[in-house]
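Student: I should like to learn how charged side-chain pairs and surface pockets are read from a set of coordinates. Could we work through one case together?

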Amino acid sequence: MSYAQSPKKTGLPREVVKWLQSLDLSFYPKNIRRELSNGYLVAEILSRYYPQDFQVHSYDKGTSLSAKQRNWSQIVKSLQKQNLHLMQEAIDGSIHCKPRAAELLVQEVYTILTKRSIRDVQGSESNFSDQEYQELLPELARSTASKAIKNNLRITEIMAEPDVSTNQKKAEVILSRYLDHKAAERVSNPGRFKVKPNLVTSSCDDDTTSKFCSSSTWSGAAVSFKEIKVHQPARRSLVNY
């Protein structure tokens, strides 16, 4: 089977891309994160090496959480028969479409099936967060703390593990990582977080204004606020004659 066009950027090493193209799959994963999520394509890849253990017709093409969990449970059991194992963290990250999880997973499948190593392969210590993407954004466009939690704690994770305390701990880890990153930013780029001095240049020269300035100016740790008195012209009332 020939593919009309390979994806512009899959996040995969060149040798893995060429290997996938050589497997004559039913379709090429143009969006690796989305199309490996339900496990169907992974089962199809494994069926090229173990056709008796991985019969593609027994896997669901659906995208619901239950379909994904069934497919991956079946894949794990079939791999265990061959004494093969995939990282559970990568599987879970792929199910929930976490950043870089599917890329790591398909590289792991490549290594297991071909017995070839990949240089610069992503380590198992990856937290599958969007931190790498955030660092590519302009500083003012990066996520706030609440947005970081929303981006990195998927709704399918909560559905799969509805325990409140478990999800609270996950949110706390995400928040802690966010605050640590912000603290590192303050150290590396202190000028960005430094409050600019007050730009008010008017001076207190006459007695009246000087008295007002001395009694109506508050200075905080880094910012000064000065009350400004506005004189409005008196309005004339309209009288109907």
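Tutor: Let us begin with the term itself: a salt bridge is a side-chain nitrogen of Lys or Arg within 4 Å of a carboxyl oxygen of Asp or Glu. The general idea is that side chains of opposite charge can pair when their charged atoms come close. Please keep in mind that this is a predicted model.

Student: How many salt bridges does this rule give?

Tutor: The count by this rule is 8 salt bridges. One of them joins R48 and E44, whose closest N and O atoms are 3.2 Å apart.

Student: Are R48 and E44 buried or exposed?

Tutor: Buried means under 20% relative accessible area, exposed over 50%, and partly exposed in between. E44 counts as buried because its relative accessibility is 5%. R48, with a relative accessible area of 38%, is therefore partly exposed.

Student: Which residue meets R34 in a salt bridge, and at what N to O distance?

Tutor: The side chain of R34 meets that of E35, at 3.6 Å from N to O. R34 has 52% relative accessibility, so R34 counts as exposed. E35 counts as buried because its value is 18%.

Student: What can be said of the pair R142 and E185?

Tutor: Their side chains form a salt bridge with an N to O distance of 2.3 Å. This pair links distant parts of the chain, 43 residues apart: R142 lies in the loop between α7 (131–136) and α8 (145–152), while E185 belongs to helix α10. Both R142 and E185 are buried. Elsewhere, K98, E157 and K170 are joined into one network by salt bridges that share partners.

Student: How does one find the empty space in such a model?

Tutor: Rolling a probe the size of a water molecule over the atoms shows where empty space is left. In this structure, the second largest pocket holds about 390 Å³ of space. Its lining comprises 17 residues, and those closest to the centre are D92, H96, K98, E157 and K170.

Student: Which elements give two or more residues to that lining?

Tutor: They are α5 (88–95), α9 (155–160) and α10 (164–188). The most comes from α10, which gives 4 residues.

Student: How do the residues of the lining of the second largest pocket divide into nonpolar, polar and charged?

Tutor: The lining has 5 nonpolar, 5 polar and 7 charged residues. Here the two topics meet: K98, E157 and K170 are among the residues closest to the pocket centre, and salt bridges that share partners join these three into one network.

How values were computed
Residues numbered from 1 in each chain as written. Predicted model: local features only at pLDDT ≥ 70, side-chain atom pairs only at ≥ 80, totals over all residues. Heavy atoms only, no water. 1 Å grid on protein atoms, 1.4 Å probe; cavity = no way out; pocket = protein on both sides within 12 Å on 5 of 7 lines; lining within 4 Å. Points joined across faces, edges and corners; volume = space filled by probe spheres on them. Nonpolar A, V, L, I, M, F, W, Y, C, P; charged D, E, K, R; others polar. Buried < 20%, exposed > 50% of the residue type's maximum accessible area, 1.4 Å probe, protein only.
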